[in-house]
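This report looks at how some strands are paired and at what lines one of the pockets. Please keep the sequence and the structure in view while reading.

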Amino acid sequence: MANLRTAMDAGFWDLDIATPQSLDGVARSIPGDPIPLDGARASRALRIQQLSLLGNGFPLGIIPTWSPTPHKELGSFALHSLLLRAAPTANWWLGLIGQFRPKKLISSIKAEVSAADEWELPAFRDVARHFLNKSLYSIGLCSQLALTSSASILLSSEKHGERKGRRSRAMLFYKLPTHDITLEAAWPELFIDNRGRYWNVPESISLDCLSLVSESGLRYRFGIHKNGGLPSSVDSSNAAEAPLALLPGFCAKGAVSYEKSQDLWRQRETKEDLIVETPNGKFWRPSYDVRLKEPHSAISGIIGATCASWFGNGKSVVAVESREAGDDDIPYNAKSRSPFSLDMFGSFCYTFQHGKFRKLFGDLSRIDARLDVASVSALAKQISNVGNASYSNAENFPSLPRFNVILQQQVVGPIVFRVDSRFVLDLARGSRGPHFEDAVFSLNYALRLLQSGKVVAWYSPKRKEGMIELRLFEF
């Protein structure tokens, strides 16, 4: 079924969204924004691990991506490749990722060839010079060291030729029997808002403790987070206000949730499903994906509460630093950030699946319909003002309820077409009512040997981005 745990994780600063804008393939969701689409979530596997496996199925190990850049001459098309992977010891490995944008190179060479009267040595030198343009290339280094059987450290750094500076990250992960502890720092950290705009936060540091899901369905997490420096838009043409959650300050936050699911009916897997008899004998035929092996209908839900305390007023800090820099017209949000907040959230889902995802055709049709309430207080305020002509939901728009629909249909064999869509439920008088907000389209190739792994080629019309990923156990 749809991933209900995202409802709680979306309130923190470490929820990964898939993006080709960075070489590690992730950007962070902004707390306070709508709960992201399931199809937009990043893979649990590191990008360097994905390229290592995906490269076996692509010519020369080159993986295409599509991502707009502020420098229009570079184009949106880019190629990723794993240039180096080494494991000096059993508990330490490192890798090197490269990116190449061919559009500018092709157009520059084409212009050079058209302008050349004769092909002499200087003309060849001019053509060769275009290959040395650093804006065409990006490079990223990633290394992971297992300190113990339950602790590891991840270090990464990437440099884009068309941008100033580099992006670095350090993460310490420690696994306890019933908890996960993560300490992470990034400078700068890349965030994406609900409108598909990217923001850089010069310094982002988080310490989180997350409980594993218990049999009772109870789950909790708490942590501290620090933003340092003024957030800036990746796209210089973006004149939007910076999100309040990204303004400088220190935040302590905790959340608790309770999750429950109930089957309305389910057709259990049998031995006859696993073994196929043919004239040549019996063959083992498991489902293409173990998470999709049983037709069923189910309802599920999660409900929880969050509590957050901010130290450092975002409005005053931004205003002072902007004036000191002489940038009086910087459009940072004039609304001040609340120093203390307490709220509830919830998600409720209905799932229906037809087929066992074993046969070559017509063996999987599935729908997940989910209602997300990111803020109960915002919903209560909206309901209390129904019919009020002077009331507007503009201020609370990110917190309005969303209705998500996930459709999956088998195309042939292990290939599934999937659509993740989201609608806004706005009850304000004079509003458009429920209306379409976002969607992600994808083709999924299930890898039966990995039990619940798949190669996903997705495209987001809203962000005008697309990439190919390897995803594992994403339910």
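## A parallel pair in an open sheet

In this predicted model, Ser-29 stands opposite Ile-192, a residue of strand E10. The two strands concerned are E2, which covers residues 26-29, and E10, which covers residues 189-192; they run parallel and are joined by two bridges.

This pair belongs to an open sheet of five strands, whose order is E1-E2-E10-E11-E14 and whose pairing is mixed. At the edges of the sheet are strand E1 (16-18) and strand E14 (232-233), each of which pairs on one side only.

## Antiparallel partners of E15

Strand E15, which spans residues 249-266, runs antiparallel to strand E13 (residues 218-228), and ten bridges join the two. Within this pairing, Gly-223 has Lys-253 of E15 as its bridge partner.

E15 is also joined to strand E18 (residues 296-311) by 16 bridges, and here again the strands run antiparallel. The bridge partner that Trp-265 finds in E18 is Ser-297.

## The second largest pocket

The second largest pocket has a volume of about 1400 Å³. It is lined by 48 residues, of which Pro-31, Gly-32, Asp-33, Leu-244 and Ser-399 are the closest to its centre. Two or more lining residues come from each of helix H1 (6-9), E15, E18, strand E19 (340-354) and helix H7 (376-384).

Which element gives the largest share of this lining? That share, six residues, comes from E19. When the lining residues of the second largest pocket are divided by character, 26 are nonpolar, twelve are polar and ten are charged.

Conventions:
Residues numbered from 1 in each chain as written. Predicted model: local features only at pLDDT ≥ 70, side-chain atom pairs only at ≥ 80, totals over all residues. Heavy atoms only, no water. Pairing = 2+ DSSP bridges. Helix = DSSP H or I, 4+ residues; strand = E, 2+ residues; numbered from the N terminus. 1 Å grid on protein atoms, 1.4 Å probe; cavity = no way out; pocket = protein on both sides within 12 Å on 5 of 7 lines; lining within 4 Å. Points joined across faces, edges and corners; volume = space filled by probe spheres on them. Nonpolar A, V, L, I, M, F, W, Y, C, P; charged D, E, K, R; others polar.
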